[in-house]
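Here is a friendly walk through one protein model, meant to be read with the structure open beside you. We begin with a helix and work outwards from there.

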Amino acid sequence: MLFSGKGRHRRPGKPAQPRQQAPETGHGTYTVTPGDTLSEIAEAHDTGRQRIYADDKSTVGDDADLILPGQKLRIG
């Protein structure tokens, strides 16, 4: 197999792995994007809205319905 040297190549037989901001389940962090809600984030990460809010109240503030793009939330 010859490669031209241009661009990025991966080894044959190894599937490309998608990059994720945070694991879909388990522990990690999640960076809020425009349009996100705590309920949707909790559902996507198989946890509860109240748990995320309790863990991240210092980041979110007193209003759990107001999360801002760029905020980093602890998940799990």
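Helix α2 spans only 12 Å between its end C-alpha atoms, whereas a straight helix of twelve residues would span 16 Å at 1.5 Å a residue. The expected span is taken as 1.5 Å times one less than the number of residues. Helices (H or I, at least four residues) and strands (E, at least two) are DSSP runs, numbered from the N terminus.

Before going further, a word on the source. This is a predicted model, in which local features need pLDDT of at least 70 and side-chain atom pairs count only at pLDDT 80 or more, while totals for chains, interfaces and linings use all residues. Residues are numbered from 1 along each chain as its sequence is written, and side-chain values use heavy atoms, with hydrogens and water left out.

**Helix α2 and its two sides**

Ile 52, Tyr 53, Asp 56 and Val 60 are the buried residues of α2; buried means under 20% relative accessible area, exposed over 50% and partly exposed in between (1.4 Å probe, protein chains only). Viewed down the axis of α2, these buried residues fall within an arc of 110°, so they line one face of the helix. That arc is the one made by the directions from the helix axis to the C-beta atoms. Gln 50, Ala 54 and Ser 58, on the other side of α2, are exposed. The cover over the buried residues of α2 includes α1 and β2. Just after α2, Gly 61 takes a positive phi of about 100°.

Asp 56 deserves a look of its own. This residue of helix α2 is buried, with a relative accessible area of 2%. Leaving aside neighbours within four places in sequence, Asp 56 is in contact (heavy atoms within 4.5 Å) with Lys 72, Leu 73 and Arg 74.

**The nonpolar core**

Which residues make up the largest nonpolar core? Its twelve members are Tyr 30, Val 32, Leu 38, Ile 41, Ala 42, Ile 52, Tyr 53, Val 60, Ala 64, Ile 67, Leu 73 and Ile 75. α1 (38–44), α2 and β2 each supply at least two residues of this core. By a nonpolar core we mean a set of buried Ala, Val, Leu, Ile, Met, Phe, Trp, Tyr and Cys residues joined through side-chain atoms within 4.5 Å. In soluble globular proteins, nonpolar side chains tend to be buried together. One member of the core, Val 60, is in contact with Tyr 53, Leu 66, Ile 67, Gln 71 and Leu 73, setting aside neighbours within four places in sequence.

**Gln 71 and the loops**

Gln 71 sits in the loop between α2 (49–60) and β2 (72–75). Beyond residues up to four places away in sequence, Gln 71 touches Tyr 30, Thr 31, Val 32, Thr 59 and Val 60. A polar atom of the Gln 71 side chain lies 2.8 Å from the backbone nitrogen of Leu 68. From C-alpha to C-alpha, Thr 33 and Gln 71 are 8.3 Å apart in space, with their positions 38 residues apart in sequence. Likewise, Thr 29 and Ile 75 are 46 residues apart in sequence and 5.3 Å apart in space, C-alpha to C-alpha. Asp 46 has a positive phi of about 55° although it is not a glycine.

Here is how accessible some of these residues are.

| Residue | Place | Relative accessible area |
|---|---|---|
| Gln 71 | loop between α2 and β2 | 14%, buried |
| Thr 33 | loop between β1 and α1 | 31%, partly exposed |
| Thr 29 | strand β1 | 45%, partly exposed |
| Asp 46 | loop between α1 and α2 | 65%, exposed |

**The whole chain and its confidence**

The protein chain has two helices and two strands, following the pattern β-α-α-β along the sequence. Of its 76 residues, 24% are buried. Among contacts between residues at least 6 apart in sequence, 41% join residues at least 24 apart.

How confident is the predictor, and what is the mean pLDDT of the chain? The mean is 77, and 64% of residues reach 70 or more, where pLDDT is the predictor's confidence in each residue, from 0 to 100. Over residues 3–11 the pLDDT is below 50, and this stretch has three contacts in the model beyond near neighbours in sequence. Residues 14–25 also stay under 50, with 16 contacts beyond four places in sequence.

How values were computed
A polar contact is a pair of N or O atoms within 3.5 Å; within protein, one must be able to donate a hydrogen and the other to accept it, and residues adjacent in sequence count only if both atoms are side-chain atoms.
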